Amino acid sequence: MSIKEWDRVWVGADIATMVAGSEPYGKLKNAALAVKGERIAWIGPAAEARRRAAAEDIPLEDCAGRWMTPGLIDCHTHLVYGGDRVEEFEKRLCGVSYEEIARAGGGIQSTVNATRTMDSASLSGTAAVRARRLMSEGVTTIEVKSGYGLELATERRMLEAARALERELPVSVRTTYLGLHALPNEFRERRRHFVAQASGPWLEELAAAHLVDAVDAFCENIAFSLAETEQFLRAARNLGLPAHLHAGQLSDMGAAELAAQYGALSADHLEYLSEHGARALGAACTVAVLLPGAYFTLRQSTPPPVPLLREAGVPMAVATDCNPGTSPCTSLLLMLNMACTLFGLTPEEALCGATRHAARALGLQDEIGTLAVGKRADFALWDIGRPAELCYALGANPCRGVVYRGRPRTPGGVAPR
Ligand SMILES: [Zn+2]
């Protein structure tokens, strides 16, 4: 008896493969997808798959006409942190000013304090709750940043907690050392020393411990300068680590150009971006990661220049930016809607932003992000009439099944219709 080429086949789905081409969404009607091990072994017409499954006695899952998409990818999160900022949120809406809140120890420093005092098990436990919410909407890959430790020991625990998520949950995690996020209080008078530590021994030790898939910095006038950011990016490049960059969220300092100059995987936020910056990103194939949750929470009024990004050929991704301060959001589907309604993306661009282009933003375009033979078998099944419905609905979750690395994540596979 020969070894079977398929372990299992999902039949009778309309598939949005998200493969670039002439068909919107890379659409295949009444199709099937077969899996071998962790990989996609075959994609083709449902009738052919049924015949072959019957002849070769291959387990078959009936998708009952549902839509199938690649597993969604949240390519920008700060999922691991201590505490929350609910009290601050309430105070602000009851009339307390930002300054008073900051003086009372609120803001990012309060998250830093809460993260530093939280043990590793609680850090990964609270992050797992948020990860599960993302996963319930078909997310199979999550990027997780450090950056609330701002000291070696806590940065390490944050990255370890992120790695633990992947061991404990059926989800793929990419870790990012956000070395330059904010200047901690104890370094207030020693700014250069902090940047040197974060770019030097801390980065080296975390990278040597295999905790760093990429690095990130917050390049902004309230955070770190172009020169400081460049020092950090140069150190990462010397270690062969790819970069992301928080760029152009509140002002245009030329951070997009810097990201492009260092061949960053992504430049994120980009509400403030010049034509020159957009062209630089396009030439460097750096992905623009759009974060409508933060834009919404901060009640900003200047959206990222989407027409400029299109014209410059910059791939656009969409992510939650899940963080306790400016985007306490665990719904990537809601972000797809906001990317359309607030930023003017088409539904196809938005869905591409949580699949194909999000994969590219993590350097994983050969592995995930589209449904094609040889790629990892990460996909979701949806009760929707057409793909645009994933962007259209507010607060709905039509996800009816997720397959991660070739295996149904929920027992029993596809939910009955
Ligand atoms: Zn962020």
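The exchange below concerns helix packing, burial and core residues in a predicted model.

Me: Why is α7 called roughly parallel to α9?

Reply: The axes of α7 (residues 191-199) and α9 (residues 226-238) cross at roughly 20 degrees. Angles under 35 degrees count as roughly parallel, and therefore α7 is described as roughly parallel to α9. The two axes come within 9 Å, and their crossing is right-handed.

Me: Which residues make the contact of α7 with α9, and how do they divide by character?

Reply: From α7, the residues R191, V195, A196, A198 and S199 take part; they meet E228, Q231, F232 and A235 of α9. The division is 5 nonpolar, 2 polar and 2 charged.

Me: What makes α5 oblique to α6?

Reply: The packing angle between α5 and α6 (residues 152-168) is about 55 degrees. Roughly parallel requires an angle under 35 degrees, roughly perpendicular one of 65 to 115, and roughly antiparallel one over 145. An angle of about 55 degrees falls in none of these ranges, so α5 is oblique to α6. The axes are 9 Å apart, and α5 passes α6 in a right-handed crossing.

Me: Which residues form the contact between α5 and α6?

Reply: On the α5 side the contact is made by S120, L123, S124, A127 and A128. On the α6 side it is made by R157, M158, A161, A164, L165 and E168. Together they divide into 7 nonpolar, 2 polar and 2 charged residues.

Me: Why is R132 called partly exposed?

Reply: R132 has a relative accessible area of 49%. Buried would require under 20% and exposed over 50%; R132 lies between these limits and is therefore partly exposed. R132 belongs to helix α5 (residues 120-136). Its C-alpha is 9.5 Å from that of P170, and the two residues are 38 apart in sequence.

Me: How do you know that V287 counts as buried?

Reply: The relative accessibility of V287 is 0%. Buried means under 20%, so V287 counts as buried. V287 is placed in strand β12 (residues 287-290). Beyond its neighbours within four places in sequence, V287 is in contact with ten residues' worth of surroundings, among them L265, V314, M316, H357 and R360. E160, in turn, is 127 residues from V287 along the chain, with 26 Å between their C-alpha atoms.

Me: Which residues of α11 are buried, and what do they pack against?

Reply: In α11 (residues 275-284), G277, A278, A280, L281 and G282 are buried. These buried residues pack against α10 (255-261), β11 (266-269) and α13 (306-311). Just after α11, C285 takes a positive phi of about 60 degrees.

Me: Which residues touch the most other members of the largest nonpolar core?

Reply: They are Y177, V215 and L345, in a core of 101 residues. Helix α14 (residues 332-341) supplies the largest share of this core, 7 residues. A second, separate core has 14 residues, including A31, I40, M68 and V403.

Me: What is Y177 in contact with, leaving aside its neighbours within four places in sequence?

Reply: The contacts of Y177 include S146, E155, L159, W202, L206, V215 and D216. A198 and F232 are also among them; A198 of α7 and F232 of α9 both take part in the contact between those helices.

Key. Residues numbered from 1 in each chain as written. Predicted model: local features only at pLDDT ≥ 70, side-chain atom pairs only at ≥ 80, totals over all residues. Heavy atoms only, no water. Axes fitted to C-alpha atoms, helices over the stretch in contact; angles between N-to-C directions. Helix = DSSP H or I, 4+ residues; strand = E, 2+ residues; numbered from the N terminus. Left-handed = near helix turned anticlockwise from the far one by under 90°. Contact = heavy atoms within 4.5 Å. Nonpolar A, V, L, I, M, F, W, Y, C, P; charged D, E, K, R; others polar. Buried < 20%, exposed > 50% of the residue type's maximum accessible area, 1.4 Å probe, protein only. Core = buried A, V, L, I, M, F, W, Y, C linked by side-chain atoms within 4.5 Å.
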